[in-house]
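Q: Please take a close look at a single part of this protein. Describe that part, what it packs against, and then how it fits into the whole.

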Amino acid sequence: MLRITVEPFEQEVRLKLEGDLTGTWVRDLEESWRAARAGGRGVGLDLTGVTKVDDAGRYLLALIHDCGAPIVSSGFAMKELLESIARDWPGRPAGGPSPLRS
């Protein structure tokens with residue numbers, strides 16, 4: 001199960017995720033992310049409550065990263081996941097700031 005909480009801020013909307021980013025829940029995140037982007041503000045992800053990510057979830061996170069969305073996380077496993085996404089899908093110009101934070 002994945003819980004997605006929309007947290008509006010002045011300059012961005014943050015999607016706070018809790019649970020597993022796996023299976024059909026990946027589609028739910030994609031739909032939520034697209035809807036939040038349609039509002040015209042930046043969209044960021046908070047993965048601090050995510051416990052598991054499958055290959056489809058990893059791929060969606062890479063696509064979101066490639067769009068420049070800031071992604072925050074905590075814990076060793078999530079930090080490793082975000083570092084591997086940054087390595088495998090750089091998405092940002094060389095020398096530019098990375099939107100991935102832990």
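**Close look at one helix**

A: The buried residues of helix 1 pack against four elements: strand 1 (2–8), strand 2 (12–21), strand 3 (42–53) and helix 2 (55–66). This description rests on a predicted model. Helix 1 covers residues 24–37, which makes 14 residues. From its first C-alpha to its last it reaches 21 Å, close to the 20 Å expected at 1.5 Å a residue.

Four residues of helix 1 are buried: Val26, Leu29, Trp33 and Ala36. Seen down the helix axis, these buried residues fall within an arc of 90 degrees, so they line one face of helix 1. An α-helix has 3.6 residues a turn, so residues three or four places apart point the same way. The other side of helix 1 carries exposed residues, namely Thr24, Arg27, Arg34 and Ala35.

Now the setting of this helix. The protein has 3 helices and 5 strands, and along the sequence they follow the pattern β-β-α-β-α-β-α-β. Among contacts with a separation of 6 or more, 64% are between residues 24 or more positions apart. Of the 102 residues of the protein, 36% count as buried.

The outside can be described in similar terms. The protein exposes about 5,900 Å², and carbon and sulfur atoms supply 51% of that area. Tyr59, Leu63 and Trp89 form a nonpolar patch on the surface, with about 290 Å² of accessible area together. Trp89 lies in the loop between helix 3 (76–88) and strand 5 (100–101). With a relative accessible area of 31%, Trp89 is partly exposed, whereas Trp33 in helix 1 is buried.

Technical notes
Residues are numbered from 1 along each chain as its sequence is written. This is a predicted model: local features need pLDDT of at least 70, side-chain atom pairs count only at pLDDT 80 or more; totals for chains, interfaces and linings use all residues. Side-chain values use heavy atoms; hydrogens and water are left out. Patches are made of residues with over 30% relative accessible area and no salt bridge: like charges are joined within 9 Å, nonpolar side chains (Val, Leu, Ile, Met, Phe, Trp, Tyr) within 5 Å. Accessible areas come from the Shrake-Rupley method with a 1.4 Å probe; for residues, only the protein chains shown count as cover. A salt bridge is a side-chain nitrogen of Lys or Arg within 4 Å of a carboxyl oxygen of Asp or Glu. Helices (H or I, at least four residues) and strands (E, at least two) are DSSP runs, numbered from the N terminus. Buried means under 20% relative accessible area, exposed over 50%, partly exposed in between (1.4 Å probe, protein chains only). The expected span of a helix is 1.5 Å times one less than its number of residues. The arc is that of the directions from the helix axis to the C-beta atoms. Contact means heavy atoms within 4.5 Å.
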